[in-house]
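The following exercises concern a set of protein chains. Each task is followed by a solution worked in steps.

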Protein chains: 8
Amino acid sequence: MSNLKHILEQVQTGQLSIDEAVKQLPAPFEVDLGFARVDTHRKRRRGLPEVIYCPGKTCDQIVEIVKALLASGQDVLATRASEEQFGAVAESVPTAVYHRDARIVTVDCSERPVPSGLVAVVSAGTSDIPVAEEAALTAERMGARVERVHDVGVAGLHRLMKHVPLLKSARAVVVVAGMEGALPSVVGGLIDRPIIAVPTSVGYGTGLNGLAALLAMLNTCVPGISVVNIDNGFGAGVAAAMINRTSDVDPAG
Amino acid sequence: MSNLKHILEQVQTGQLSIDEAVKQLPAPFEVDLGFARVDTHRKRRRGLPEVIYCPGKTCDQIVEIVKALLASGQDVLATRASEEQFGAVAESVPTAVYHRDARIVTVDCSERPVPSGLVAVVSAGTSDIPVAEEAALTAERMGARVERVHDVGVAGLHRLMKHVPLLKSARAVVVVAGMEGALPSVVGGLIDRPIIAVPTSVGYGTGLNGLAALLAMLNTCVPGISVVNIDNGFGAGVAAAMINRTSDVDPAG
Amino acid sequence: MSNLKHILEQVQTGQLSIDEAVKQLPAPFEVDLGFARVDTHRKRRRGLPEVIYCPGKTCDQIVEIVKALLASGQDVLATRASEEQFGAVAESVPTAVYHRDARIVTVDCSERPVPSGLVAVVSAGTSDIPVAEEAALTAERMGARVERVHDVGVAGLHRLMKHVPLLKSARAVVVVAGMEGALPSVVGGLIDRPIIAVPTSVGYGTGLNGLAALLAMLNTCVPGISVVNIDNGFGAGVAAAMINRTSDVDPAG
Amino acid sequence: MSNLKHILEQVQTGQLSIDEAVKQLPAPFEVDLGFARVDTHRKRRRGLPEVIYCPGKTCDQIVEIVKALLASGQDVLATRASEEQFGAVAESVPTAVYHRDARIVTVDCSERPVPSGLVAVVSAGTSDIPVAEEAALTAERMGARVERVHDVGVAGLHRLMKHVPLLKSARAVVVVAGMEGALPSVVGGLIDRPIIAVPTSVGYGTGLNGLAALLAMLNTCVPGISVVNIDNGFGAGVAAAMINRTSDVDPAG
Amino acid sequence: MSNLKHILEQVQTGQLSIDEAVKQLPAPFEVDLGFARVDTHRKRRRGLPEVIYCPGKTCDQIVEIVKALLASGQDVLATRASEEQFGAVAESVPTAVYHRDARIVTVDCSERPVPSGLVAVVSAGTSDIPVAEEAALTAERMGARVERVHDVGVAGLHRLMKHVPLLKSARAVVVVAGMEGALPSVVGGLIDRPIIAVPTSVGYGTGLNGLAALLAMLNTCVPGISVVNIDNGFGAGVAAAMINRTSDVDPAG
Amino acid sequence: MSNLKHILEQVQTGQLSIDEAVKQLPAPFEVDLGFARVDTHRKRRRGLPEVIYCPGKTCDQIVEIVKALLASGQDVLATRASEEQFGAVAESVPTAVYHRDARIVTVDCSERPVPSGLVAVVSAGTSDIPVAEEAALTAERMGARVERVHDVGVAGLHRLMKHVPLLKSARAVVVVAGMEGALPSVVGGLIDRPIIAVPTSVGYGTGLNGLAALLAMLNTCVPGISVVNIDNGFGAGVAAAMINRTSDVDPAG
Amino acid sequence: MSNLKHILEQVQTGQLSIDEAVKQLPAPFEVDLGFARVDTHRKRRRGLPEVIYCPGKTCDQIVEIVKALLASGQDVLATRASEEQFGAVAESVPTAVYHRDARIVTVDCSERPVPSGLVAVVSAGTSDIPVAEEAALTAERMGARVERVHDVGVAGLHRLMKHVPLLKSARAVVVVAGMEGALPSVVGGLIDRPIIAVPTSVGYGTGLNGLAALLAMLNTCVPGISVVNIDNGFGAGVAAAMINRTSDVDPAG
Amino acid sequence: MSNLKHILEQVQTGQLSIDEAVKQLPAPFEVDLGFARVDTHRKRRRGLPEVIYCPGKTCDQIVEIVKALLASGQDVLATRASEEQFGAVAESVPTAVYHRDARIVTVDCSERPVPSGLVAVVSAGTSDIPVAEEAALTAERMGARVERVHDVGVAGLHRLMKHVPLLKSARAVVVVAGMEGALPSVVGGLIDRPIIAVPTSVGYGTGLNGLAALLAMLNTCVPGISVVNIDNGFGAGVAAAMINRTSDVDPAG
């Protein structure tokens, strides 16, 4: 917004003609690569740099976007990156790091800040771990301290119970589950923290690639649980980190 | 089968011509009312008399089927009966009883046997009670002793926990739940008895009239749970009672 | 947990036998009304008393649950209440208040606390207001200060723009929309606050009673948006209020 | 139709017997290849030669249809052509051109006319470009001048804003988007030109291979937007070009 | 846009402080009724005043919006209006007219312009007429000359054939059909005009309230057909009128 | 077609100008009622007069179409007629007959021909009878001798078995079933006659208003079974009667 | 049935004990291969030998079933056979023939009978030919004379028109179409023969792998059309051949 | 439960501090492998050791879980194991056995007990055998005697009939079918034993990967049939074995 203010000030002082101002306004916000307009102001506007979703992009496209982000001084977070896509990035940018569990590539421009608060990431089964790790790493990249609790599905509730105190001390809890998607409801019945539920495509037949888990989560009898797209660990990580940050910056404090 | 044997014996001894035998075979099995063929052998064949599903039948049709069943010496069980349908039956058959909670009409021809074994019927919420009662009463009509545990949904797990010993002592457990349908999975993780899960149409929006609960139950991560149609308390009651009876008659013992 | 601790202490000191302890444990948590087990500990466990979802309950059932909650010293929040259901409650509990826009009945046991923080509730069209009001009133009952911004759908983006500063100052934003469900994405592109999106059943044809809006929200290209069930203003209000409260009580601070 | 008139005239003048006329009528309209009846009159009837949809056709079949079209003096447009299919065509017809971005093969019989009017093609993300290019090239082949605006999705609205004047000067606008499919609604709220929305299969999980985007577009709160099949850039290009041509030939002028 | 320019000019000349300018910008565009923000600039921006979609609005709300539109000098078009809703409007605004076939209420502020161009509206069966009339009347309100051709479904193709010359002379053709939705494809095979297809909910069983017709239209083998929501005669009328107007105002001419 | 020939002959002999011929061609095929174009040639073209599908038509519209059909010498068959719609027809046309079971109104212009061949109509349950009767009466109106076999569902196979010889002697068999839709497969496994399967909307929950039965029928492991829309007894009756007539008129004999 | 009679006669004359008769009854009907029970009586019972559906069967399984059928004197028809599966059969049974277009393997035990009657097979597009050929070859194997009409979809109706006389002379017509599935309705409006419609999976996006075409066919406004499963050319061929045979054997004559 | 008692006793006698007790409680129930928490108490709690579902797990993960189970003295059952996954297990644990038909790996720690009771497993077609074998082997591993009846689908009912006495002597019957899923209903009409129906993904087109069969089974008109997920032979085997065991241990006897 202060950008808008600056331009308006130039207009006010006559440094800028109106026609020029109209053209200039969006210019500093993006780098036009032809196939992509890299949003270099997103971190300022949204608290998170533009993130690269790798599926459907060529290695060349990813490398160019990575370079444009770095050139504008932003950290890089590339999700669902294949080994091959990481290889292409690493060739151009040797400081790139591949987080295999989370299928994420990161590059740091600046030192990482000290993590704050606490986000807990809970997963129901071994096969849900890649999605849970995507959530955890994303939240960490956005400044949150993160604790992971894996493989605590409802078939053996006692496995979950001993972690309840940890979950109660978190500012936000991400719960990842496939199949019948019951874990967020059970966790939600035990704690009073905001819960982001992530359905996964783990399952078969009437699991319908995660739709059954999604529907269960949307229809939870426990209020205070909200849901993101199937396998969308990234989105859940962002949501949890935004909640976590609220206590730090408290906009309404 | 013994019926078939009898006719074959008559054929063997020449008491019956072949052409006559062909015509006679199905005859004793049904009473033809024009609009319905009442299956008067079903109890012998299936252990349960033909049951009247009331929706879509006129009062007159129901009354005539009731009379045909009674005339062939069978007890009556009419499900999803409205007050009006019960009224019509009661006018013709004053001994008819209306079980309002379960929406069931019964008429007894003979004394009820002493109930045996144990079927437990568990429900998640107050709105699930009609379906749960349909299951419970049906199982009772088929000879089972039945215990009910209502309103123990996953939003407050402690409500369920104190009933676990009862559930462990049952031969079969019916679990009724709408919304996210998580209760059967949670119960299944705690006991080792056969579970029949009944999804209900309780809920709204993406509950899709019970489809969300059904999918959750079919995708349970707890093995040994099987599922019936949405709101089909009757079917669950029959399935549980059949399991319950197995220990009494033990066909493979 | 302190409840559990207390019982364990009694066991340790011999004041309580083990068998007795097992029986007692869930007892203080619920009031058994036969058709319902009122969860009188939920506020302590979840930060919110048990809420009465009125559809599918009789007036008598609602009145009895209201009385049980009041008797245990808890405030009452009854959602989706009809005029008739409110009338029945008001007859027994004259201090009951009907919030017609939000279809909610409330009864207060104690003085309302001073609202804290800020939750913003944004709606796309006039027909979305009942769901938005349900969210707003629920969040207020849970202690949040709430600001409403109605009828700012994407067909006229300028209507939304002037409220952006307000939205940026909220700890959480609830965005309510039916039809194509695009509003949360557009709001999300402009601010960096946690967003709870609520699809509504407003629309027709391929709107599929809110499924189209739900799918749009789940597939948003803007990260940090999470979604609740169709028309679930209550759930969104709880989620937003939980986030709002996090800054007050900061569990991980 | 003038064809029909000609035959009727021959009938009138006795040059043609009635039986012969019946047989002849469709004859000049098609070339029968056995596996395909090439519609050589479609350009006259529909303003566009028959187009070859390549998936599910063998290389041989495509080459034969290309030759039949060229032999009847029609330009060739073959959509969704693979590299291999292009190779086969190029071997027989060296003047064939492969437009890789749009996955289209063209062969020109005659000089291309000067483009007229203006069709704008807007896409939300980098992954939507192949569909957008299919639309753009198709419209160009049908005589329209085309401008492209890529990667202007709703996560960064400012990227779109500076192109609004261009969109307002077009006779028709094609808007291509996957995921939540919100871009056509946002564009539609800003301009008063006919919009053809094209959902793409870009996305995952509840994106349901483009169904979520399709539903959002069909349920837009902005009137004047119509929709084509998922990934159907070709159909959108034809529709936009037909609108564009209307101003040139103005049938109702 | 000229509005924006005016404000910027005031800023440039110092007549307006920057803070003031930010607040003012959206102000003149809307009238805030509390439950609705009437978009009084939509006609200037979109070529069509804000239209009132009546379902889900109270009579009082509709009357207030009607008055706000008239007060700002805009014509009124209210769709899907019931008899009762019309009655309420007519009481306040005696010049209101009810078009019963189209379920539309109109009020004119100014003289209607002479209709231009030609839009043809074709319907498959008698039950499709209300949707077809909604399209036809909407297009007329937006300045188009409209011709109607009703009940020409594919079960008797000859009924359609004699109207082909009329359809060929239109700038845009709206085709309305329920059941199997084949009519737009058949019309599209015969003419070279832009076609807007409208599926209707006419049918039963697997018609799925219009989804079958919608899918058929989206999957047409005839390019150049685009589709609107089920029963959305209004949207089709706007789309056709926008195309029709293109030849009059020719933005790219 | 002979109609077409006649017009062509007039053109050949100069009795008719070409322009006149073009206009005349469809004329004798229809009576234009404004809201409907009654297809008075359908019986000649299709072997069945145009049939009136009553839902969604006003009483006045139905009466006018009935009169137009009678005026052109065609028998009347009106399906899904309500009592009220029949009343309106009977007032104008006292010879109208209401077949309540089949929800059909008929009026005869001429004497009914002697029925030929044999169509068997089989139904699974009492609630399927209205659809089965619609099929039976329709086939009778098209000249077939019809035998009905009601209430022979798969829960009691012996009820079906004694009717197998009858089914084997039919030229076509219509099988009507709701719920799991298994009856056509079972019948199909026993006989070698063409089977038209009709799913009905009888059932609840996952019956999905007949979709479950439809899917079962389409996926039958028994070849030679084809399927019509849910509850479409009329369509099945026409299909069976067409097959029945084939043996009488044998086009390929 | 005569088989049953024979056994009963033996029972009557004492040649067979009752216990023996019960065991014997199904025996001659099948050859048990362990993994399959080859139904060697199906031709007698259903007029068609058991057909081998190849997908999901190993080459060894197919070869063994082929041999069992030949050993019992039945002709072989194996559908959806891959090249590899044909190779395996041909190695063991050198007289096996592969019909590549139809993906069918046949082996003849006896001389083929003279074809009778007429079945017409119509397809909409080049990609529909494999399904159409499966239908055509199946009908031929069942004794029908077959005529094929390929690539006559609704985008160019004139291509279809000249074949109408052929279609009118058939005893049954199979119509194969993908995409919008409109062709059966259009054909049905022109002729009075029984039509079996076959939806194909040709198409993309909202074609939903043939569901769109299926729904269009089920919702046809033309009565007398029945439908088989998607891509089920085999089933359509059997249904058409059964109708064709009816005129030869006329069971009800 | 006795575990809980033991800890409470230690608390009572002062051997254990309360804080320690809280930590200890879940500890002996699991072995934490990092990526998985192996539930080593499940056999005691559920009568069945934790089972390894192989899809989505790496060979290394499977091997580690196998070892952890064996180390705690539990038998191993690993379902849906590929050849490669078996190879990895066999390398570490040479006593591992691969049941290829059932795609199951087993390792025995102790001698297998004598099988008891009887579970019958019935399948409709050759392609359903893998699912049926998974059910059969699972039930055997849980102590049941199992009889298999393959390839007895409804297209040839006589194949099923001779096995009815066997099915009547079982304590539970598993019925496996794809396509139209009619077999459980037909079996259910003939016997009075509890039936677990398993839909398979065998079929194509509208079979919808097993959904059609699932829906048929859920909508059966025969009560007492319950259903598991598509292709879930394992779950059906567990459910049947639990029923089978009920007669042995009779909890309610």
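## Exercise 1. A central strand of chain F

In chain F, strand β7 (residues 116-123), helix α6 (residues 129-141) and strand β8 (residues 144-149) form a right-handed β-α-β unit. The model is a predicted one: local features need pLDDT of at least 70, side-chain atom pairs count only at pLDDT 80 or more, and totals for chains, interfaces and linings use all residues. Residues are numbered from 1 along each chain as its sequence is written, chains are lettered from A and ligands numbered from 1 in the order in which they are written, and side-chain values use heavy atoms, with hydrogens and water left out.

**Task.** Determine with which strands β7(F) pairs, and in which sense.

**Solution.**
Step 1. Fix the terms. Helices (H or I, at least four residues) and strands (E, at least two) are DSSP runs, numbered from the N terminus; two strands pair if DSSP finds at least two bridges between them. A crossover is right-handed if, with the strands pointing away from the viewer, the path from the first strand over the helix to the second runs clockwise.
Step 2. Take β8(F): β7(F) pairs with it in the parallel sense over five bridges. Ala120(F) has Glu147(F) as its bridge partner in β8(F).
Step 3. Take strand β9 (residues 172-177) of chain F, which runs parallel to β7(F) and is joined to it by five bridges. Here Val121(F) has Val174(F) as its bridge partner.
Step 4. Consider the surroundings. Seven of the eight residues of β7(F) are buried (under 20% relative accessible area; exposed is over 50%, partly exposed in between; 1.4 Å probe, protein chains only), so the strand is largely enclosed by the rest of the structure.

## Exercise 2. Two interfaces of chain G

**Task.** Describe the contact of chain G with chain F and with chain D.

**Solution.**
Step 1. Count residues in contact (heavy atoms within 4.5 Å). Between chains F and G, 44 residues of chain F meet 43 residues of chain G; between chains D and G, 23 residues of chain D and 18 residues of chain G take part.
Step 2. Evaluate the buried area, which is the accessible area (1.4 Å probe) that two parts lose on being put together, summed over both. Chains F and G bury about 3500 Å², with 54% of it on carbon and sulfur atoms. For chains D and G the area is about 1600 Å², of which carbon and sulfur atoms give 52%.
Step 3. Search for salt bridges (a side-chain nitrogen of Lys or Arg within 4 Å of a carboxyl oxygen of Asp or Glu). The count is zero between chains F and G, and zero between chains D and G.
Step 4. Assign the F side of the contact with chain G. The elements α3 (42-46), β7, α10 (211-218), β11 (225-227) and α11 (233-249) of chain F each supply at least two residues. The most comes from α11(F), with ten residues.

## Exercise 3. Salt bridges within chains

**Task.** Locate the residues that form salt bridges with Arg112(E), Arg148(F) and Glu83(H).

**Solution.**
Step 1. Note the total: over all chains, the whole structure has 80 salt bridges.
Step 2. In chain E, Arg112(E) bonds with Asp75(E), the closest N and O atoms being 3.3 Å apart. This pair links distant parts of the chain, 37 residues apart: Arg112(E) is in the loop between β6 (104-107) and β7 (116-123), and Asp75(E) in the loop between α4 (59-71) and β4. Asp75(E) is buried at 14% relative accessible area, whereas Arg112(E) is partly exposed at 30%.
Step 3. In chain F, the side chains of Arg148(F) and Glu140(F) meet at 3.0 Å, N to O. Arg148(F) is partly exposed at 30% relative accessible area, and Glu140(F) is partly exposed at 27%.
Step 4. In chain H, Glu83(H) and Arg100(H) have their closest N and O atoms 2.5 Å apart. Glu83(H) lies in helix α5 (residues 83-92) and Arg100(H) in the loop between β5 (97-99) and β6 (104-107), so the pair ties together parts 17 residues apart in sequence.
Step 5. In chain A, a network of salt bridges links Arg80(A), Arg103(A) and Glu134(A).
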